[in-house]
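Work through the exercises below with the coordinates open, and try each task before reading its solution.

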Amino acid sequence: MNMNMNEYLNLFLEESREHLQNINEGLLKLEQNPQDEETLNEIFRSAHTLKGMAATMGYENIAELTHKMENLLSKLREFEVEFTSEIGDLFFKCVDSLDLMVEKIASGNNEDHDISDLVELLIYYEQQDSSQRNILEQDLEENIDFNEFEEKLITQGLNNNFNFYKITVEIAEDCVMKGVRAFMVFRSLEEIGEIIKSIPSTQEIEDEIFDNEFSVFILSKNSSQEVKELLGNITDVTVKEIISPSLGDIPETNQLEQLATKTDNNTKNKKDNLNHKLSQTVRVDIGKLDNLMNLVGELVINKTRLEQIYKTNDLSALNETVEQIDRITSELQNVVMNVRMVPIDQVFNRFPRMVRDLAKELGKDVNFILEGKETELDRTVIDEIGDPLVHLIRNSLDHGVETSTERQRKGKDPTATLKLIARQEGNSVVIVVEDDGKGISIEKVKNKALEKGLCTEAEIEQMDPEGILNLIFRAGFSTTEEISDLSGRGVGLDVVKTKINSLSGSVMVESQEGEGTRFTIKLPLTLAIIQALLVKVQQEVYAIPLANIDETTIIGESNIKNIQDQEVMMLRGKILPLLKLEKALELPLSSWDMEKEYFVVVVRKGNQQVGLVVNELIGQQEIVITSLGKLLSGISGIAGAAILGDGKVALILDIGTLF
Amino acid sequence: MKEIQVVAFNLAKEEYAIDILAVQEIIRPTAITRVPKAPSYIEGVINLRGNVVPVVNLRHRFGLKEEEQTETSRVIILIINDMKIGITVDNVTEVIRIKEEDIEVPDLSDSLDQRFVQGVGKYNGRLLLLLDLEEILELTT
């Protein structure tokens, strides 16, 4: 495939994903409100666009499936077919298949995906036009449920000019062998047509579990009179009634009018949507933005140099220009940073569907509430936050939320509420996953922690409830006994915590037993620019992220003690282990200088505090994180590099892996 | 007749060459930041107009004696597998065209680890060692 085609392919993939997401969202809305025409139209448009794109690109399976979806959708739009939960499920399955096909294309896998089953079902539903639908509805009124297979048979039969009868048969009260008579009725009917269903079921009738009457649904080419005569020949059997459910009801005039107004609304909605689209956007490759960001970074560095020149050479003529450049560069920096910000919706939008599917699978009734979809986060954070959130949501649905019956027994609203909220707080973004399920039992956590040897009895004694609760983030902890398909495959919340920590964020849990659980994740707005403390270790400069630092202090040689070969110092009555950075950074070791004072940067990794000994504190600064590249990736203790104002490169320490 | 263009440079009295298509630019040595725990032949990282680029010390990689930088020392910035990487050399001599038929793959086990050398190019009586960059940077494994 040449370059050009590749570019189209990427565009196609991206837009397809977007359209599939639209359809997904639309279907969820439609499930809530099947009458929502605007949503139906939106789905229709997305499917239509997708079909067009796929056909142009030569992906015939996608085109075919979307085409069939479109057909059924248009029947739905014209009220010829009613939106039922089965149709909803079918559409969801179609979207899943389409998704799969798109991802296959993305991964360069050209293997065909079998869509014949879906296409068949789509056609089947599509052919249920209103007249046949009416029969089924009539039956439904009498509380008779035909399953999918039976419905299909009926529709096919009607299409092949069979008559559809409901025959009610009465067997004389004094008849001794009712079962045998009934059997004879079935035998006779089988000869003239196809029995779809009977009430009560055939098995029950054979077992004589019925009063004197039963009904049979049958497709037959014979007239009702012939059927009646045939059955009349059997002793002790009288045909009570034969109904042939009416065909082809013509909508009445006012219904037509309704239709007309509805179509009017349709067109109006379309126009509204067109107006909506006028605010234009451009797709940009994230790599290009990164480039732009780098260039701006260079500009900032050079601006600093220019300022230096202006100051040292006292060129007052430069003053105004330098100030202008300063203003423009900082504005440019802001704009570029802003461009990299993406609404968290990108991550959130897949959750409603996920929650719906999971809740269905688990047989739980859940009301999922999303708030703050428009909250913006840096692209780099967005890409990473999805998995931890999936984990937390699954956890809530699986372990937190109870079934409706259980909730009712506890006197709670049978429908559980699961909330996913995002909001900005200062320089961070807070994401909350909250459920009103059964909560976490502190006792259970205690026992489990002891049992798994995560901590000692004495340690637990000293912990406050919050501390105990947070034990669930320890590696190797999982309170559910049985391993479920959804979550808790041995890997637990510790994975979530590790991931979020690696994003320089934190996660916290609050829970009230019986009332619910709330996980709060706090993330920095961006990973690209962080506040850091610059320190000097011998002659080298390193940056320590401010987020990891608790405090800084000074010590003299005399304050350093040795406990079991570990150098420690006393900090406000607490023992603080010390780590000479020169040792961690493989510099030649120097011995302590009695005369000098050393600086200690107290950093925190989880619950552990360590004092990093450095030679000098340079100061706090905003730095742009640059990756060290593939060749140097995965070096423990180093998170990346930053280019300082003087053009030199300083390495950023990764406290999580430093010691 | 096919020929390739190479950048020729010196390192400890030997003459080496790299395919010019892999070379982005040649710069004078700048401040290098040491990277702890990195492979020992990586001298550190430099700031190349806002990009952080790792620099490989070729002398160290080839097991040659380390020497002070001189006025002629250069860093050749290469692009290999989309990565920017610098290598330090004693001096860069010229850009040469070598005919493909003048390149041989001899047995060189005495002077230099053979795995770093793709072949030897003959040019006006000079011998140029053509380097296998992927092997030098351990990208093949």
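The exercises that follow treat a helix pair, a sheet, the nonpolar cores and the contact between chains, all in a predicted model.

**Exercise 1. Describe how helix H8 and helix H10 of chain A pack, and state which residues make the contact.**

Step 1: Begin with the geometry, where H8(A), residues 178-192, and H10(A), residues 224-232, pack at an angle of about 145 degrees, with their axes 10 Å apart.
Step 2: Add the handedness, since the crossing in which H8(A) passes H10(A) is right-handed.
Step 3: Identify the residues, which are A:Val185, A:Ser188 and A:Ile192 on H8(A), and A:Val227, A:Leu230 and A:Leu231 on H10(A).
Step 4: Sort these by class, which yields 5 nonpolar residues, 1 polar residue and no charged residues.

**Exercise 2. Trace the open sheet of 6 strands in chain B and find its edges.**

Step 1: Write down the strand order, E8-E1-E2-E11-E10-E9 in chain B, and note that the pairing is mixed.
Step 2: Look for strands that pair on one side only, and the edges turn out to be E8(B), residues 91-99, and E9(B), residues 103-104.
Step 3: Follow E9(B) to its partner E10(B), residues 117-123, to which E9(B) is joined by 2 bridges in an antiparallel arrangement.
Step 4: Locate one opposed pair, in which B:Glu104 stands opposite B:Val120 of E10(B).

**Exercise 3. Characterise the largest nonpolar core, and then say what a second core includes.**

Step 1: Count the members of the largest core, which has 66 residues, and list those with the most contacts inside it, namely A:Ala543, A:Ile544, A:Ala641, A:Leu653, B:Ala17 and B:Val45.
Step 2: Ask which element supplies the largest share, and the result is strand E12 of chain A, residues 529-537, with 6 residues.
Step 3: Examine B:Val45, which, leaving aside residues up to four places away in sequence, touches A:Leu628, A:Ala641 and A:Val649 as well as B:Thr33, B:Val35, B:Val52, B:Val53, B:Pro54 and B:Val55.
Step 4: Turn to the second, separate core, which has 36 residues, among them A:Phe348, A:Leu420, A:Ala422 and A:Ile500.

**Exercise 4. Analyse the side of chain B that touches chain A.**

Step 1: Establish the extent of the contact, to which chain B contributes 19 residues and chain A contributes 25 residues.
Step 2: Find the elements of chain B that give two or more residues, and these are strands E4 (42-48), E5 (51-57) and E7 (83-89).
Step 3: Among the elements of this side, E4(B) gives the most, with 4 residues.
Step 4: Divide the residues of this side by class, and there are 12 nonpolar, 4 polar and 3 charged.

Methods: Residues numbered from 1 in each chain as written. Chains lettered and ligands numbered in written order. Predicted model: local features only at pLDDT ≥ 70, side-chain atom pairs only at ≥ 80, totals over all residues. Axes fitted to C-alpha atoms, helices over the stretch in contact; angles between N-to-C directions. Left-handed = near helix turned anticlockwise from the far one by under 90°. Contact = placed C-beta atoms within 7 Å. Nonpolar A, V, L, I, M, F, W, Y, C, P; charged D, E, K, R; others polar. Pairing = 2+ DSSP bridges. Core = buried A, V, L, I, M, F, W, Y, C linked by C-beta atoms within 7 Å. Buried ≥ 20, exposed ≤ 12 C-beta atoms within 10 Å, placed from the backbone.
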